[in-house]
Amino acid sequence: MAEDLTVETKRLHLGKTGQFEWEAFKDRAVHAERLERRFEAKANATEQTLRLWQRDVKLTWPVLLNGRKLGTLVTAETAMESLLTIPAGAFRDGENVLTIEAPPSLDDIEVGPVFIAAKPITEVMSGAQVDVTVTDGETGTGLPCRLTLTRMDGTLQPLRAEPAGEVAVRIGVVYTRNGKAMLSLPPGDYILHAGRGFEWGVERTAISLRVGDTKQVALKLKREVPTAGWIAADSHIHTLTHSGHGDAKIEERMLTIAGEGIELAIATDHNHHTDYAPSAASMGVAERFTPVIGNEVTTKHGHFNAFPIEPGARVVNHQQEDWAKLLPEIRATPGVKVITLNHPRDLHSGFIPLGGMQFNPKTGRHRQADALDIDAMEVITSAAMQSDIHLLYRDWFALLNRGHRIAAIASSDSHDVNRFILGQGRTYVAAKDAGPGNLNLDEVWRSYKEGRLLVSLGLLAQLKVNDKFMVGDLATGLAESIKVEATVFGPAWTQADHIELFANGILIREQKIEDNHRAGEKARIIWQLPKPAHDVHLVVIATGPGVTEPFWEIPRPYQPSSKTFVPRVVGSTNPVWLDADGDGRFEPAVAIARRLIQESGGDGVKLQDALKRCDEAVAVQVESLTVKSEQ
């Protein structure tokens with residue numbers, strides 16, 4: 001009988017000597033650029049299994065045995081044990097060589113220990129069972145949810161799950177259609193988490209398994225974040241089936257949407273019109289969310305999501321790079337109500353939509369300003385985070401001050417079942433939410449147009465002016481003192497520690513928060529503001545420490561601008577527009593600046609006197625117009 005083998009006992013740091021990807025690796029010795037281990041074995045007549053512990057894998061690391069590729073390490077930053085099949089005949093009598101080849105680019109990873117189990121993968125993931133049931137704590141009914149199973153040290157544990165067709169399974173993670181799953185795994189000590197996305201609590205239980213055990217585990221989830229009148233939307237979702245990369249097949253995608261509590265799921269496969277409705281029905285989750293046909297128009301000069309799209313509509317020519325032609329063509333696609341600019345600071349095909357010579361982040365002037373017919377832009381994309389979480393907010397404020405009426409949104413851009421969690425970045429849309437499987441989409445699209453949206457990555461912030469004006473409203477009839485009320489919500493497993501109030505993108509109030517992991521309302525803050533000298537837009541941004549546990553880990557930036565990574569959760573509003581001059585409309589900073597310049601008649605003293613009565617955002621616009629830096 002074949003015996004188990006130990007190939008490497010230590011945890012090794014693989015990378016490039018003298019370089020480091022993240023600050024955490026700066027002073028850590030690099031054991032090797034690639035792993036090569038020689039060991040004695042006998043030729044195998046049956047399938048065996050390679051077991052590797054890994055962490056911080058971003059790029060592709062091929063794994064070879066005697067020059068034969070077994071597969072690659074799992075592209076995931078979370079600690080896990082990955083399993084690869086060793087086919088019959090892969091070993092030879094005597095010396096064998098296992099190698100893990102490095103990618104061309106820098107990618108600091110940890111690997112090891114490494115073992116060979118003398119049995120196939122199905123047997124490695126066997127020996128004990130856990131029969132899991134997750135129900136709604138109020139109704140007692142089964143819930144679509146996410147199960148995360150780790151060892152005691154937080155390592156994601158390989159497992160199998162049934163019933164087939166009702167679960168989506170990755171290492172240490174199971175999405176279930178109705179809260180039921182039978183897990184098969186080796187004997188040992190584990191932690192099981194059950195959750196259902198941002199609005200729900202997370203239940204945690206320890207499990208000890210011996211050979212032959214079958215343990216029953218029943219968990220109840222409770223809704224912890226009040227969202228009445230708001231719909232949870234993810235407007236940037238991909239499938240392997242129709243986008244061609246990632247790992248989420250369309251059937252699995254239905255379970256992740258339902259399991260993360262997304263109520264409005266907009267399909268945005270690359271240059272493809274995907275209809276989730278048939279798959280949602282066949283997977284038994286049609287009542288959990290409303291699917292919408294969309295398209296990520298993926299060009300060499302930016303990625304744009306367009307939705308909704310009528311069935312059978314022609315796909316936009318993604319070879320078009322001129323926004324003056326591209327955006328009207330997207331807008332003319334039958335059914336389209338909303339166009340979003342995706343991950344505006346990310347580099348694709350050598351182009352950054354809000355980078356380089358394209359955009360002046362101080363003045364808000366874009367080279368394609370006349371063609372910038374978009375309704376919203378992603379300020380949070382959880383699968384494409386920024387090192388500076390305020391960067392895209394500053395860009396957005398500059399565009400608003402420039403006169404562009406563009407809403408802020410969040411999305412996931414998930415292509416995967418687990419690597420990037422669907423719905424982690426999400427947008428809350430003001431609309432009736434009683435029946436998630438049959439939403440009033442006319443109301444939804446109207447809220448997108450009017451900016452009645454909230455941005456969420458682990459927190460939810462709301463804003464009210466004078467007890468009646470909400471996000472998207474024009475606040476009129478203002479007295480000399482204005483009451484501004486900000487509230488922050490979240491589940492017990494996230495925290496808020498800071499809140500900021502911005503007027504025309506200028507920080508005017510901030511405050512520390514101590515919520516001690518409260519569920520629901522974490523903070524309610526009231527500020528009294530003097531009425532501004534001119535129209536301004538108000539926005540609240542709340543932040544807190546990032547989630548680092550595997551059940552909802554905040555991912556690192558994929559295109560970082562810093563080697564230091566400090567994860568944060570974020571919740572923000574769209575503007576409440578203050579009609580300070582009482583003329584019944586909102587005047588952006590750029591229009592005020594032009595008017596001040598015109599009224600000054602070229603008199604610098606008059607201009608400076610006017611600026612004293614206005615804020616920095618207008619001053620910036622005056623300066624840019626005066627020196628013509630906008631050109």
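This passage looks at one enclosed helix and at the salt bridges of a predicted model.

Helix 3 covers residues 250–259, and nine of its ten residues are buried, so the rest of the structure largely encloses it. The buried set is made up of Ile250, Glu252, Arg253, Met254, Leu255, Thr256, Ile257, Ala258 and Gly259. After the helix comes Gly261, with a positive phi near 70°.

One of those buried residues also takes part in a salt bridge: Glu252 pairs with Arg170 at 2.9 Å, N to O. Arg170 sits in strand 13 (residues 167–170) and Glu252 in helix 3, so this contact ties together parts that are 82 residues apart in sequence. The two ends are not equally covered up. Glu252 has a relative accessible area of 15%, under the 20% limit, and therefore counts as buried, while Arg170, at 22%, is partly exposed.

Salt bridges in the model come to 37 in total. Another one joins Asp373 to Arg331, again at 2.9 Å, N to O. Here the link runs between distant parts of the chain, from the loop between strand 24 (338–341) and strand 25 (376–381), which holds Asp373, to helix 5 (residues 323–331), which holds Arg331, 42 residues apart. Both are partly exposed: Asp373 at 34% relative accessibility and Arg331 at 22%.

Next up is the bridge between Lys449 and Asp375, at 2.9 Å, N to O. Lys449 belongs to helix 7 (residues 441–450) and Asp375 to the loop between strand 24 and strand 25, so parts 74 residues apart in sequence are tied together. Lys449 is partly exposed at 47%, whereas Asp375 is buried at 10%. Finally, Arg34, Glu36, Arg38, Glu95 and Glu101 form one network through salt bridges that share partners.

Methods
Residues are numbered from 1 along each chain as its sequence is written. This is a predicted model: local features need pLDDT of at least 70, side-chain atom pairs count only at pLDDT 80 or more; totals for chains, interfaces and linings use all residues. Side-chain values use heavy atoms; hydrogens and water are left out. Buried means under 20% relative accessible area, exposed over 50%, partly exposed in between (1.4 Å probe, protein chains only). Helices (H or I, at least four residues) and strands (E, at least two) are DSSP runs, numbered from the N terminus. A salt bridge is a side-chain nitrogen of Lys or Arg within 4 Å of a carboxyl oxygen of Asp or Glu.
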